[in-house]
Amino acid sequence: MGGQEINIVFIVVVITLALYSLRGLRDGFIKTIFGMCTLFVAIGAGFLLGSDLRAVVTIFIITWLALWCVCFALNLMAKLPILDGLNKTAGLLVGLLRGFVTVWAWGLVLRIFVFTEIGKEIYVLVGRSRFLVVLYENNLLYEIGKGFM
């Protein structure tokens, strides 16, 4: 595993990181964080508090709507001049983090399929880029997953 080669995997990773960052910048911190968390919180609330399917669905919908209203209100406040810049900058950083999580998820898939023909080819391409090697070898999702095994 060596130097810095720009190949298709490198390009896809860089574009992914850039697009997630730009989306975070556009949406801002509040909308990006709420977008990531609302679905999980609503599903969790539905299953924790609901006793049957109808209750789970009802609680999910109520929780999702309540969180959406909170996000909407916070987003309005974040439009104030000073807060808007902070919201956008923090959104860019959270968007970049989402991009890394996506790339790390791809790294997990690669670990599973590394013994297939296409997996070997992608692994070779990853090995030709220092940047991709660093991402692959420092995969936080993999490290977290190892803790559960």
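**Pockets, cysteines and selected residue environments**

Leaving aside neighbours within four places in sequence, Asn 7 is in contact with Leu 125, Arg 128 and Leu 132. The model described here is a predicted one, and Asn 7 is placed in it within the segment that comes before α1. With a relative accessible area of 7%, Asn 7 falls below the 20% limit and is therefore buried. Two backbone nitrogens are found around the side chain of this residue: that of Val 9, which the side chain of Asn 7 reaches at 3.0 Å, and that of Phe 10, which lies 3.0 Å from a polar atom of the Asn 7 side chain.

Val 9 appears again in the description of the largest pocket, whose volume is about 360 Å³. Among the 20 residues lining this pocket, those closest to the centre are Val 9, Trp 106, Leu 110, Ile 122 and Val 126. The elements that contribute two or more residues to the lining are α1 (8-49), α3, α4 (117-127) and α5 (130-137), and of these α3 gives the most, with 7 residues. When the lining of the largest pocket is divided by class, 17 residues are nonpolar and 3 are polar, while no charged residue is present.

The second largest pocket has a volume of about 300 Å³ and is lined by 18 residues, of which Lys 31, Phe 34, Gly 35, Trp 68 and Cys 71 lie nearest the centre. Two or more residues of this lining come from each of α1, α2 (53-77) and α3, with the greatest contribution made by α1, which supplies 10 residues. By class, the lining of the second largest pocket consists of 8 nonpolar, 6 polar and 4 charged residues, whereas the lining of the largest pocket has no charged residues.

Cys 71, one of the residues nearest the centre of the second largest pocket, is also the reference point for the cysteine distances. The structure holds 0 disulfides. For Cys 37, the closest cysteine sulfur is that of Cys 71, and because the separation is 10 Å, the two are too far apart for a bond; a disulfide would require the sulfur atoms to be within 2.5 Å. Cys 69 likewise takes part in no disulfide, the nearest cysteine sulfur, again that of Cys 71, being 9.9 Å away. As for accessibility, Cys 37 counts as partly exposed at 36% relative accessibility, and Cys 69 is also partly exposed, with a relative accessible area of 45%.

Phe 34, another residue nearest the centre of the second largest pocket, is touched by Leu 74, which also touches Ile 30 when residues up to four places away in sequence are not counted. Leu 74 is found in helix α2 and, at 30% relative accessibility, is classed as partly exposed. The C-alpha atoms of Leu 74 and Val 101 are 25 Å apart in space, for a sequence separation of 27 residues.

Two further residue pairs have greater separations along the chain. Ala 18, in helix α1, has a C-alpha atom 13 Å from that of Gly 91, although the two residues are 73 residues apart in sequence. The relative accessible area of Ala 18 is 36%, and this residue is therefore partly exposed, since the value lies between the limits of 20% and 50%. Leu 97, which lies in helix α3, is 80 residues from Leu 17 along the chain, yet the C-alpha atoms of these two residues are separated by 8.3 Å. Leu 97 also counts as partly exposed, at 47% relative accessibility.

Helix α3, which spans residues 81-113, also contains Thr 102. In contrast to the partly exposed Leu 97, Thr 102 is buried, with a relative accessible area of 17%. Once residues up to four places away in sequence are set aside, Thr 102 touches Thr 16 and Tyr 20. With Tyr 20 there is in addition a polar contact, formed between the side chains of the two residues at 3.3 Å.

Key: Residues numbered from 1 in each chain as written. Predicted model: local features only at pLDDT ≥ 70, side-chain atom pairs only at ≥ 80, totals over all residues. Heavy atoms only, no water. Helix = DSSP H or I, 4+ residues; strand = E, 2+ residues; numbered from the N terminus. Buried < 20%, exposed > 50% of the residue type's maximum accessible area, 1.4 Å probe, protein only. Polar contact = N/O pair within 3.5 Å; in protein donor to acceptor, adjacent residues only side chain to side chain. Contact = heavy atoms within 4.5 Å. 1 Å grid on protein atoms, 1.4 Å probe; cavity = no way out; pocket = protein on both sides within 12 Å on 5 of 7 lines; lining within 4 Å. Points joined across faces, edges and corners; volume = space filled by probe spheres on them. Nonpolar A, V, L, I, M, F, W, Y, C, P; charged D, E, K, R; others polar.
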